[in-house]
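Work through the following exercises with the sequence and the model open side by side. Each task is followed by a solution that goes step by step.

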Amino acid sequence: MQHPIRFITGLATFALVAACADTPVGPTPTPAADAGLSLARRSSSSGTTLSATKTAVGFREDRLEYDWTVSKTLRAVMAGPHMVDEPLTGQTTVAPDDPRWLDYQVVATRNAGTRSSATGVRGTVCVTNGGSVATQGLAITDVVQTKTGAGPYQDYVSSPVSVLAKPVLAAGETYCYPYEIPFTPQPGAQYRNTARVTITNHSGYIGQPFGPGSNGDGVKADFTVPSTSTSVTRDETATLHEYANESCANIFPAVYCSWAKDGGPNLPASIAQSTT
């Protein structure tokens with residue numbers, strides 16, 4: 001199924017701008033018992049401390065998931081206030097008092113969808129830097145543990161949690177990292193989820209991966225797997241964000257350059273004529 005989108009973008013006649021300005025050694029590690037959710041080790045001038053909490057919710061889902069492709073075709077470039085057609089040569093230039101209008105078509109196509117079933121656990125791991133320096137080498141491993149009867153919990157499935165959204169926590173900063181782990185249910189099993197959170201500049205353990213639960217069962221949360229499935233549809237609709245973007249030019253005035261650098265719309269000096 002195709003969803004054609006056609007619109008004309010006008011580029012105002014402003015000049016682009018410019019305002020484009022352009023491991024200490026810590027103390028020797030000392031043995032210590034795992035302190036659970038809040039860790040504090042003997043002080044180090046170059047180290048920090050962590051605490052962590054987590055959530056865990058089991059799921060059993062029948063999924064219908066869609067995928068999308070997008071194509072964009074430039075159909076015309078019009079020059080000046082009277083919108084006179086300009087040949088498609090591969091590039092157009094926007095000069096002061098000489099605007100350009102771009103006419104292009106965007107077509108978004110959704111596939112027929114893919115059906116699947118999944119069982120697992122999802123949630124967040126929230127980590128707080130309780131010290132006075134930024135973290136180094138932050139890593140989180142999430143583990144599904146199971147037990148049957150009166151036996152102990154044992155590791156069943158583990159997966160690293162992505163910290164790309166916030167790889168470094170500043171002093172006093174907290175961030176919650178989402179995770180999802182699919183697994184095959186075990187008959188009669190009890191479940192819990194644990195997170196092992198480490199950094200390499202924890203006070204008392206400089207240079208070693210250490211943090212909440214690193215020497216034990218982790219930061220824990222119990223969960224259950226539902227006995228019935230829930231129907232879930234993913235990516236049934238999509239949103240297209242379209243805007244012009246170009247590097248800053250070292251010319252006056254500076255306000256537009258700063259605007260573009262902050263992720264807002266830009267008024268570029270040249271726009272490539274291309275199909276993407």
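**Exercise 1. Pairing around one strand**

In which sense do strand β2 (residues 50–54) and strand β8 (residues 114–129) pair, and over how many bridges?

Solution. The model is a predicted one, and its protein chain has one helix and 15 strands. Begin with β2 and β8, which pair in the antiparallel sense over five bridges; within this pairing, Ala52 stands opposite Val127 in β8. Next take strand β3 (residues 57–65), which also pairs with β8 in the antiparallel sense, here over nine bridges, and in which Arg60 has Thr119 of β8 as its bridge partner. Finally, turn to strand β11 (residues 174–182), which runs antiparallel to β8 and is joined to it by nine bridges, with Gly120 standing opposite Pro182 in β11.

**Exercise 2. An open sheet**

Determine the strand order of the open sheet of four strands, and identify its edge strands.

Solution. The order is β10-β9-β12-β13, and the pairing is antiparallel. The edge strands are β10 and β13 (219–223), each of which pairs on one side only. If direction is ignored, neighbouring strands of this sheet are turned by 20 degrees against each other on average. For a detailed check, follow strand β9 (residues 139–147) along β10, with which it pairs in the antiparallel sense over seven bridges; Gln145 stands opposite Asp155 in β10.

**Exercise 3. Aromatic pairs**

Classify the ring pair of Tyr156 and Phe183 by its geometry, and then state whether each of the two residues is buried or partly exposed.

Solution. A pair of aromatic rings is described by the distance of the centres and the angle of the planes. A search of the whole structure finds six aromatic pairs. For Tyr156 and Phe183 the ring centres are 6.1 Å apart and the planes stand at 80 degrees, and because an angle over 60 degrees counts as edge-to-face, the pair belongs to that class. The pair links distant parts of the chain, since Tyr156 lies in strand β10 (residues 154–161) and Phe183 in the loop between β11 and β12 (190–198), 27 residues apart. As for accessibility, Tyr156 has a relative value of 32% and therefore counts as partly exposed, whereas Phe183, at 8%, counts as buried.

Now consider Tyr205 and Phe210, whose ring centres are 3.8 Å apart and whose planes are at 5 degrees, so that this pair is stacked. Tyr205 and Phe210 are both buried. To finish, trace the cluster into which ring pairs link Tyr156, Phe183, Tyr191 and Phe223.

**Exercise 4. Charges over rings**

Which ring lies under the charged end of Arg122, and how far is that end from the ring centre?

Solution. The charged end of Arg122 sits over the ring of Phe59, at 4.0 Å from its centre. A further case is Lys72, which lies over the face of Tyr104 at 5.2 Å from the ring centre.

**Exercise 5. Burial and surface**

What percentage of the residues in the protein chain is buried, and about what area does the chain expose?

Solution. Of the 276 residues in the protein chain, 36% are buried. The area that the chain exposes comes to about 15200 Å², and carbon and sulfur atoms supply 54% of this area.

Definitions and conventions: Residues are numbered from 1 along each chain as its sequence is written. This is a predicted model: local features need pLDDT of at least 70, side-chain atom pairs count only at pLDDT 80 or more; totals for chains, interfaces and linings use all residues. Side-chain values use heavy atoms; hydrogens and water are left out. Helices (H or I, at least four residues) and strands (E, at least two) are DSSP runs, numbered from the N terminus. Buried means under 20% relative accessible area, exposed over 50%, partly exposed in between (1.4 Å probe, protein chains only). Accessible areas come from the Shrake-Rupley method with a 1.4 Å probe; for residues, only the protein chains shown count as cover. Two strands pair if DSSP finds at least two bridges between them. Rings of Phe, Tyr and Trp (its six-membered ring) pair if their centres lie within 6.5 Å; planes under 30 degrees apart count as stacked, over 60 as edge-to-face and the rest as tilted. A charge sits over a ring if NZ of Lys or CZ of Arg is within 6 Å of the ring centre and within 35 degrees of the ring normal. Axes are lines fitted to C-alpha atoms, for helices over the stretch in contact, and angles run from 0 to 180 degrees between N-to-C directions.
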